[in-house]
Amino acid sequence: MLCHAVPGTLLALCDCGRKHHRFVGLKKFLRDFSVEINMNMKLKTLAVAFAALTASVGANAGIVDLFDDGDQLYVDNTVGDGGKAGTTSQAPGAPISYATILGGNRDLIVEKLRDNGSTVINNPSRNASIGVNGGQFDFSTSSLTAGRGQIQWDGQNDAIEGVDGSGLNAVGLGDFDLTLAGTVDKFALGIIFSDAGFNFEVTAYTDAANWTKISLVSTSHVAPVTTYIPFSAFENDFLCGIPNPAPGVLLITCGGTGADLKHLGALVADIDPLGGSVAIDLTLDKVTTVPEPGALALVALGLIGAGVFRRRSKV
């Protein structure tokens with residue numbers, strides 16, 4: 001990189017001779033992750049967020065996944081077996097922009113990583129599971145169990161992905177314009193609940209050599225909400241490699257020139273990819289792309305992370 005961050009601030013980047021659009025990009029990135037952290041703001045945000053979610057599948061919005069097509073359930077109860085995977089597809093040839101799954105195909109992968117802190121000992125009654133049913137996506141790990149989950153939206157190509165969809169086709173979406181000609185500028189994740197904090201990653205690929213990964217950390221909350229991940233987090237390559245570039249963002253990493261969301265080849269979401277947490281339950285009801293709600297100050301990922309969390313006792 002041509003310039004470096006001064007500890008404790010991102011503004012030092014602006015003194016390094018970057019072009020004007022870098023200044024604009026930085027200001028937008030910081031704005032997108034700004035928030036007032038107080039209870040009144042949270043309550044107002046909830047009300048507007050639900051309104052935004054209701055309209056998210058209407059005009060000026062795009063669909064990543066409504067989880068309403070193709071029931072799936074994969075369970076891994078064995079540490080070290082490489083996990084379980086499967087795929088579901090909508091009608092072949094359906095236009096990507098009209099499908100209720102981006103690219104008309106969804107691959108799910110789940111892997112049990114540790115049992116009671118061990119990668120050797122295995123209790124088959126404890127498992128990691130991932131699935132879609134009745135318009136909802138679920139990921140869960142048993143008590144004392146750490147596991148990872150992954151959702152791939154990369155079109156359908158058995159020769160590259162395998163019949164179970166576990167391989168990634170980094171160009172499977174065929175140069176898709178995720179911004180819908182600039183009419184949307186963020187992901188909206190509809191969270192039903194989750195009862196533990198965990199790491200969450202979103203990776204956008206232009207192709208196998210050019211990608212951007214946003215690594216987030218989630219925090220606990222007690223009520224459902226919509227979480228926004230701004231496209232600007234993927235579009236500022238000068239942030240690549242800088243730890244903690246915004247509250248709740250652990251790291252932004254890039255391959256090649258990074259991802260170009262106007263030429264998307266694949267999109268991947270990873271839930272607790274290193275198995276850092278146990279006893280996770282996460283439920284989503286949709287993932288869409290939306291324009292910035294004029295009445296809604298963007299919710300910082302440091303405030304609500306990858307979702308809303310409700311702790312529950314587990315047997």
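Good morning. The chain I am presenting contains five helices and 15 strands. Please bear in mind throughout that this is a predicted model. Of its 315 residues, 52% count as buried. The accessible surface of the chain amounts to about 13500 Å², and carbon and sulfur atoms contribute 57% of that area. If we take the contacts in the chain with a separation of 6 or more, 77% of them are between residues 24 or more positions apart.

Let me turn to the sheet. Eight strands form an open sheet with antiparallel pairing, in the order β3-β4-β7-β14-β9-β10-β13-β12. Which strands stand at its edges? They are β3, residues 84-89, and β12, residues 243-246; each has a single partner strand, so one side of each is left without a neighbour in the sheet. On average, and with direction ignored, neighbouring strands of this sheet are turned by 20° against each other.

I should like to follow strand β7, which spans residues 145-153. Nine of its nine residues are buried. In a regular strand, side chains alternate between the two faces of the sheet. For β7, both faces are covered: Thr145, Gly147, Gly149, Ile151 and Trp153 are buried on one side, and Ala146, Arg148, Gln150 and Gln152 are buried on the other. Strand β7 pairs with β4 over eight bridges in the antiparallel sense, and Thr145 of β7 has Asp115 opposite. With β14, strand β7 forms an antiparallel pairing over five bridges; there, Gln150 has Asp270 as its bridge partner. Strand β14, residues 266-271, is in turn joined by six bridges to β9, residues 199-207, and these two strands also run antiparallel. In that region, Thr203 is bridged to Val268 of β14.

Two leucines deserve a closer look. Leu108 belongs to strand β4, residues 105-115. Is this residue buried or exposed? Leu108 is buried, with a relative accessible area of 0%. Leaving aside neighbours within four places in sequence, its contacts include Tyr74, Ile130, Val132, Phe137, Gln150 and Ile151. The C-alpha atoms of Leu108 and Gln152 are separated by 6.5 Å, although the two residues are 44 apart along the chain.

The second leucine is Leu267. With neighbours within four places in sequence again set aside, Leu267 is in contact with residues including Val64, Leu102, Ile151, Trp153, Phe187 and Thr203. Leu267 is also prominent in the largest nonpolar core, which has 48 residues: Leu102, Phe137, Phe187, Phe234 and Leu267 are those that touch the most other members.

That brings me to the aromatic residues. How many aromatic pairs does a search of the whole structure find? The search finds three. In one of them, the ring centres of Phe187 and Phe234 are 5.9 Å apart and the planes stand at 70°; since planes over 60 degrees apart count as edge-to-face, this pair is edge-to-face. Phe187 lies in strand β8, residues 186-194, while Phe234 lies in helix α4, residues 232-235, so the pair ties together parts that are 47 residues apart in sequence. Both Phe187 and Phe234 are buried. Ring pairs link these two phenylalanines with Phe231 into a cluster.

To close, I would draw your attention back to two places in the model: strand β7, with both faces covered, and Phe187, which belongs to the aromatic cluster and is in contact with Leu267. Thank you.

Key: Residues are numbered from 1 along each chain as its sequence is written. This is a predicted model: local features need pLDDT of at least 70, side-chain atom pairs count only at pLDDT 80 or more; totals for chains, interfaces and linings use all residues. Side-chain values use heavy atoms; hydrogens and water are left out. Rings of Phe, Tyr and Trp (its six-membered ring) pair if their centres lie within 6.5 Å; planes under 30 degrees apart count as stacked, over 60 as edge-to-face and the rest as tilted. Helices (H or I, at least four residues) and strands (E, at least two) are DSSP runs, numbered from the N terminus. Buried means under 20% relative accessible area, exposed over 50%, partly exposed in between (1.4 Å probe, protein chains only). Contact means heavy atoms within 4.5 Å. Accessible areas come from the Shrake-Rupley method with a 1.4 Å probe; for residues, only the protein chains shown count as cover. A nonpolar core is a set of buried Ala, Val, Leu, Ile, Met, Phe, Trp, Tyr and Cys residues joined through side-chain atoms within 4.5 Å. Two strands pair if DSSP finds at least two bridges between them. Axes are lines fitted to C-alpha atoms, for helices over the stretch in contact, and angles run from 0 to 180 degrees between N-to-C directions.
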